Amino acid sequence: MKNPKFKVGQEVYCQSDWFAGAYIPEKFIIRKIEVAVINEEEVVLYYVKHRRIPIDERMLFATEEEAQLTEVDRFNQDTKNELEKLAALMQEVNLNDTQLLIGESDRIDTSHKYKKGDIVYGHMDGQVYEYKPEKFCITEIDVIMNRGQEVNVYKVKGHGNRQAIEEYLYPTYQEALIADIIRFKAKFKGALGSITSRATSLGIESKVQAKLLELRPYRLLGLNESKND
């Protein structure tokens, strides 16, 4: 049987929620340990205070510095995967301006109005989604109040009574893809800001910056290093 790395009562640092993507570790105190067999492999599970679901030992670290550096590695890999997908989608529609990915433009036109029968592209709303626009056919139009403002919403084929928000819909696939790229960059900058701020508070700026160098654009987009430094 596996021997646990940590003990009851010990403070540990956990990988941040995979889907939230905050990349900032959480601190917990262990209250119970058990060893389980998952997919024919022994796994050490830890129950911690203020959390009902046990945590796999592989997601826990003894120090915040170690946990944060591991989070930077995960941030790098997630970013690289998403950038490669976006670059591939751009190539599919001959949208080859790599400055869309590495430039500073961050404006999104959301002033569209559609009618019944229109074909539009994008996403139903701003919830978590893959950066690949979907195609929709509008079947109904409505207006709702959101935080004191009128918002155009639509029902679309194949989605029942669920309403699509106009802000996330575009008249062409290319425009929807550009909007996805801009939203990706906003998410990237937010996560990067959190990581660098926490690195400063932990006094590990140089270690974090060394890891973040892996995200230089020429490495991710297949560009020539000497021309893009």
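**Strand pairing, cores and a helix pair**

Strand S6 (residues 119-122) runs antiparallel to strand S7 (residues 134-146), the two being joined by 4 bridges; strands here are DSSP E runs of at least two residues, helices are H or I runs of at least four, and both are numbered from the N terminus. Strands count as paired if DSSP finds at least two bridges between them. Across this pairing, Ile119 sits opposite Cys137 of S7. S6 also pairs with strand S10 (residues 169-170), again antiparallel, through 2 bridges, and here Tyr121 faces Tyr170.

The model is a predicted one, with local features needing pLDDT of at least 70 and side-chain atom pairs pLDDT 80 or more, while totals for chains, interfaces and linings use all residues. Numbering starts from 1 along each chain as its sequence is written, and side-chain values use heavy atoms, leaving out hydrogens and water.

On to the cores. The largest nonpolar core (buried Ala, Val, Leu, Ile, Met, Phe, Trp, Tyr and Cys joined through side-chain atoms within 4.5 Å; buried is under 20% relative accessible area with a 1.4 Å probe, protein chains only) holds 14 residues, and Leu86, Met90 and Tyr173 are among those with the most contacts inside it. Helices H1 (64-92) and H3 (173-202) each bring at least two residues to this core, and H3 gives the largest share, 6 residues. A second, separate core has 11 residues, including Tyr23 and Leu215.

H3 also packs against helix H4 (residues 205-212), at an angle of about 150° and with axes 8 Å apart; axes are lines fitted to C-alpha atoms over the stretch in contact, and angles run from 0 to 180 degrees between N-to-C directions. H3 is therefore roughly antiparallel to H4 (over 145 degrees).

Key:
Buried means under 20% relative accessible area, exposed over 50%, partly exposed in between (1.4 Å probe, protein chains only). Angles under 35 degrees count as roughly parallel, over 145 as roughly antiparallel, 65 to 115 as roughly perpendicular and the rest as oblique.
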